[in-house]
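User: I am new to this structure and would like to understand the reasons behind the words used to describe it. Please take me through them one at a time.

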Amino acid sequence: YNPIFGTTVNPMDVSKAAGGSSGGAGAALASYMFCALDGSDMMGSLRNPAGWNSLYSLRPTVEWMEEEPVVDDELVDNDADDQNVKMPWPMSTIGPMGRCPEDLALMLQTMIPAGRAELFDAASILDQSSEQLSQIVKGKTIGWLADWGGEYPMEAGVLQQCRESLDIFTKGNVDVQCVATPLFSSKELWGSWIT
């Protein structure tokens with residue numbers, strides 16, 4: 001939302017939302033205002049607008065993007081007996097968004113800190129054939145939440161489209177694990193998020 005221009009709309013269909021929280025970036029990228037953009041992602045802030053605007057995004061492993069964990073001083077209990085409390089890595093991490101996988105790879109390459117450049121080489125990925133790339137993911141596991149046992153309803157056809165897309169990985173000997181039964185309800189998850 002912008003107080004001058006109002007609600008950010010989806011360039012594919014202006015009656016629809018652009019997603020969030022990086023919806024403005026998604027709309028700008030889908031409108032060809034930029035060739036690639038970045039944003040932060042905690043609970044889908046890059047992935048949702050990418051999906052809603054027919055784009056690609058990636059939430060990289062946090063360790064790839066941060067040299068050291070970022071600790072929020074407000075979260076540290078200064079009255080605690082043990083002042084050497086180790087804080088976990090942040091839940092949010094920065095990541096790229098692009099109109100094609102190649103742009104996504106190149107943007108990710110520019111975002112990885114210099115001290116971690118050995119973790120990813122976009123050129124080596126982009127120079128490989130689809131058969132070579134298939135060998136890289138062969139034997140890997142993908143976790144898929146689907147609608148998380150009905151906790152997150154979807155429009156008709158969305159889950160079927162996702163299943164058909166995941167079949168491509170299954171045929172390439174990737175183990176696709178569907179988490180059909182949630183460990184806790186969406187209400188409990190949301191409660192833990194906002195408290």
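User: What makes helix α1 (residues 23–30) count as largely enclosed by the rest of the structure?

Analyst: Bear in mind first that this is a predicted model. A residue is called buried when its relative accessible area is under 20%, and in helix α1 7 of the 8 residues are buried, so the helix is largely enclosed by the rest of the structure. Those buried residues are Gly23, Ala25, Gly26, Ala27, Ala28, Leu29 and Ala30, and their cover includes β1 (9–10), β3, α2 and β5.

User: What is found just after α1?

Analyst: Just after this helix comes Tyr32, which takes a positive phi of about 65°. The ring of Tyr32 also has the charged end of Arg99 over it, 3.9 Å from the ring centre, and that distance fits the limit of within 6 Å.

User: How many helices and strands does the protein have, and what share of its residues is buried?

Analyst: The protein has 8 helices and 7 strands, and buried residues make up 25% of its 195 residues. Of the contacts with a separation of 6 or more, 64% are between residues 24 or more positions apart, while the exposed area comes to about 13,100 Å², with carbon and sulfur atoms supplying 56% of it.

User: Why is the contact between Arg47 and Asp41 called a salt bridge?

Analyst: The term asks for a side-chain nitrogen of Lys or Arg within 4 Å of a carboxyl oxygen of Asp or Glu, and the closest N and O atoms of Arg47 and Asp41 are 2.7 Å apart, so the pair qualifies. Arg59 also forms a salt bridge with Asp41, and here the closest N and O atoms are 3.7 Å apart, a value that is again within 4 Å. Arg59 lies in the loop between β4 (56–57) and α3, whereas Asp41 lies in strand β3, so this pair ties together parts that are 18 residues apart in sequence. A search of the whole structure finds 2 salt bridges, and Asp41, Arg47 and Arg59 are linked in a network of them.

User: Which of these three residues are buried and which are partly exposed?

Analyst: Asp41 has a relative accessible area of 0%, so Asp41 is buried. Arg47, with 39%, is partly exposed, and Arg59, with 28%, is partly exposed as well, because partly exposed covers the range between under 20% and over 50%.

User: How do you know whether Thr93 is buried or exposed?

Analyst: The relative accessible area of Thr93 is 2%, and because buried means under 20%, Thr93 counts as buried. Thr93 is found in strand β5 (residues 93–98), and among the residues that Thr93 touches, leaving out those up to four places away in sequence, are Asp41 and Arg59.

User: Why is the pair of Trp64 and Phe120 called tilted?

Analyst: A pair of aromatic rings is described by the distance of the centres and the angle of the planes. A search of the whole structure finds 2 aromatic pairs, and in the pair of Trp64 and Phe120 the distance is 6.1 Å centre to centre, with 40° between the planes. Rings pair when their centres lie within 6.5 Å, and planes that are neither under 30 degrees apart nor over 60 count as tilted, so the word fits this pair. Trp64 lies in helix α3 (residues 62–65) and Phe120 in the loop between α4 (101–111) and α5 (122–126), so the pair ties together parts that are 56 residues apart in sequence.

User: What makes Trp148 and Tyr152 a stacked pair?

Analyst: Their ring centres are 6.1 Å apart and their planes stand at 10°, so the pair is stacked, given that planes under 30 degrees apart count as stacked. Trp148 is buried, with a relative accessible area of 10%, whereas Tyr152 counts as partly exposed at 36%.

User: Which residues form the nonpolar patch on the surface, and why can Met43 belong to a patch?

Analyst: The patch is formed by Met42, Met43, Met91, Trp190 and Ile194, which together have about 520 Å² of accessible area. Met43 has 42% relative accessibility and counts as partly exposed, and because patch residues need over 30% relative accessible area, Met43 passes that cut-off. The place of Met43 is in the loop between β3 (36–41) and α2 (47–52).

Definitions and conventions
Residues are numbered from 1 along each chain as its sequence is written. This is a predicted model: local features need pLDDT of at least 70, side-chain atom pairs count only at pLDDT 80 or more; totals for chains, interfaces and linings use all residues. Side-chain values use heavy atoms; hydrogens and water are left out. Patches are made of residues with over 30% relative accessible area and no salt bridge: like charges are joined within 9 Å, nonpolar side chains (Val, Leu, Ile, Met, Phe, Trp, Tyr) within 5 Å. Accessible areas come from the Shrake-Rupley method with a 1.4 Å probe; for residues, only the protein chains shown count as cover. Helices (H or I, at least four residues) and strands (E, at least two) are DSSP runs, numbered from the N terminus. Buried means under 20% relative accessible area, exposed over 50%, partly exposed in between (1.4 Å probe, protein chains only). Rings of Phe, Tyr and Trp (its six-membered ring) pair if their centres lie within 6.5 Å; planes under 30 degrees apart count as stacked, over 60 as edge-to-face and the rest as tilted. A charge sits over a ring if NZ of Lys or CZ of Arg is within 6 Å of the ring centre and within 35 degrees of the ring normal. Contact means heavy atoms within 4.5 Å.
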